[in-house]
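Here are my notes for when you have the structure open. Skim them in order, since some points lead into the next.

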Amino acid sequence: MSAKSSRREFLQNTSAIGAAIFVGGAVDLRGQERSANEQLNVACFGVGGKGGGDSNNAAMFGNVVAICDVDRNTLESKGKAKGFEAAEKFVDYRELLEKFGKKIDIATVSTPDHMHGPITLAAMRLGIGCYTQKPLTRTIYEARLLGQVAKETGVCTQMGNQGTALDSSREAIAQIKSGVLGTLKEVFAWSNRPVWAQGPGRRMTLEKFIAQAKKDDAENADKLIEKKKEEIAKALERVDWKAWLGVAPPREFWPGIYHTFQHRGWWDFGTGALGDMACHQLTVPFASCGLRDPISVVAKSTGHDFDSFPASSVIRFEFPETSERPAIPFWWYDRKGNKPPMEVFEKYGITKVSDSGVLIIGEKGAFYSTDDYCGNYELKGVEKVKVDYEKAEVKGNNDVNNMYELFRAKRAGNPMICKSNFIERAGPLTETILLGNLAVWAAANGGTEGAMGEWGEKVEWDAKNLKVTNLAALKTPRVADLIKPAYAEGHRLD
């Protein structure tokens, strides 16, 4: 059987299964209550970097039967590690699911951002529970769809924002929801990310390299060009570039600027600093302040070229009034040193501001966190009150505990055990966060010499229908492309 035909059959099979699940109601195909002693089978997609830790954590609680990575060096190294020796190795996620789909209980998805959606969707449609790294998806529509498919199939899901497994962040949510801060007024978050390369003009191709080499060093250009060709050829012997691109538009491989880790700085593959860190930092504000369904967002940035994210940005989200609070804004700042004005902090006696953090302002006082997960926090101007909250089951650090929660949910046949499940938390949280990138896209003009530019076009948003209501009036091109992606042939979205 050819790879092309086998993939076609795989897509047909998953479509049929998805239809059967939808007709039959929300039932996990293998999600009935499981014996505490019964081993759960695991498949791991992306086993380097963060995927290395996720797969290790999953192996603590399950039997890893298959691993997948587009980098053969990473794949082979992981296959030799303890707990992974018997796992079958794959480069293409579709081939793994075609062979092992009916045998897998849980999948970990720790790939570059643009592949979170397609792999997770394919796995859930086969009845597989998923632990998917943050950001849950690259686009808003994918986040909505993952929540819908999780609900239709009844599978257990968890996003890899491990701060949800911290008792301190759970306590913080309960404190704020108790009303200790009084009427909520404003929310701020700032991050020292990006710690990877971002900024315009970064794409490199062989044609561009050749032209530059001939211009800069004509005498040695031929040798430099040949050396670069050899470097590219050697890299592609071990990295399956087509599999790495996956659902993304085609582009030429270039060493060091996409794989590894650098994907987050590119619009086609990542979600920038906002997508990377806000899924962590908004764990407490999202759950305690009702930061769902914003109605508008506007940004300013240091400038970008619609290919690579800007080096830095500031974003303002507007949230409408709810039954529990008035309308409030949320402010986001990224890049080390890019923070809210000092007067915001000085009012609460904060004179030395952390590199990353969160500030929630109420009429009576403020919540101040100095870390990425809202685990370390203080209440300013008010005292803590006695609150009840569900503590995490401790099996290790918060990464381990977050993973274990998924296995516990799977054994119990109860997806709602997972605090960062796709339906109630991870999907809506990701939708909120990724709206900010529409505003960054519409703020492409930076200031001079890398300075912050003026405010870009405001994006007005209909969250229920996932539509930009003022799209026709926007001068920025292709804003809607960031809402719903077009997958490359051979991969299924809807």
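The points below go through the two sheets, two helices and one serine.

1. First, a caveat: this is a predicted model, so please read every distance and angle here as a value computed from that prediction.

2. Start with the parallel sheet. Six strands make it up, ordered β3-β2-β1-β4-β5-β6, and the sheet is open. The edge positions go to β3 (88-90) and β6 (157-159); each pairs with a single strand, so one side of each has no neighbour in the sheet. From one strand to the next, the twist averages 20 degrees.

3. Inside that sheet, have a look at how β1 (residues 40-45) meets β4: the two run parallel and share four bridges. If you want a specific pair to click on, alanine 43 has alanine 107 in β4 as its bridge partner.

4. Just past β4 (106-109) comes serine 110, sitting in the loop that leads to α5 (116-124). Is serine 110 buried or exposed? Its relative accessibility is 11%, and since the cut-off for buried is under 20%, serine 110 counts as buried. Its side chain makes a polar contact with the side chain of aspartate 54, at 2.8 Å. Beyond its neighbours within four places in sequence, serine 110 touches Phe45, Gly46, Lys50, Gly51, Asp54 and Gln133.

5. Next, helix α4 (residues 93-100). Which of its residues are buried? They are Tyr93, Arg94, Leu96, Leu97 and Phe100. These cover an arc of only 160 degrees around the axis, which means they lie on the same side of α4. The N-terminal end of α4 is capped by aspartate 92, with a side-chain oxygen 2.8 Å from the backbone nitrogen of arginine 94. So arginine 94 turns up twice here, as a buried residue of α4 and as the backbone partner in the cap.

6. Now the other sheet. Nine strands form it, in the order β13-β12-β11-β7-β10-β9-β8-β14-β15; this one is open too, with mixed pairing. At its edges stand β13 (377-380) and β15 (467-468), each with a single partner strand, so one side of each goes without a neighbour in the sheet.

7. For an antiparallel example, try β12 (residues 366-369) with β13, which pair over four bridges. There, tyrosine 368 is bridged to glutamate 378 in β13.

8. Last one: what does helix α15 (residues 422-441) lie across? The answer is β8 (296-301), β9 (313-319), β14 (459-462) and β15. Relative to β9, α15 runs at about 125 degrees.

Definitions and conventions:
Residues are numbered from 1 along each chain as its sequence is written. This is a predicted model: local features need pLDDT of at least 70, side-chain atom pairs count only at pLDDT 80 or more; totals for chains, interfaces and linings use all residues. Side-chain values use heavy atoms; hydrogens and water are left out. Buried means under 20% relative accessible area, exposed over 50%, partly exposed in between (1.4 Å probe, protein chains only). A polar contact is a pair of N or O atoms within 3.5 Å; within protein, one must be able to donate a hydrogen and the other to accept it, and residues adjacent in sequence count only if both atoms are side-chain atoms. Contact means heavy atoms within 4.5 Å. Two strands pair if DSSP finds at least two bridges between them. Axes are lines fitted to C-alpha atoms, for helices over the stretch in contact, and angles run from 0 to 180 degrees between N-to-C directions. The arc is that of the directions from the helix axis to the C-beta atoms.
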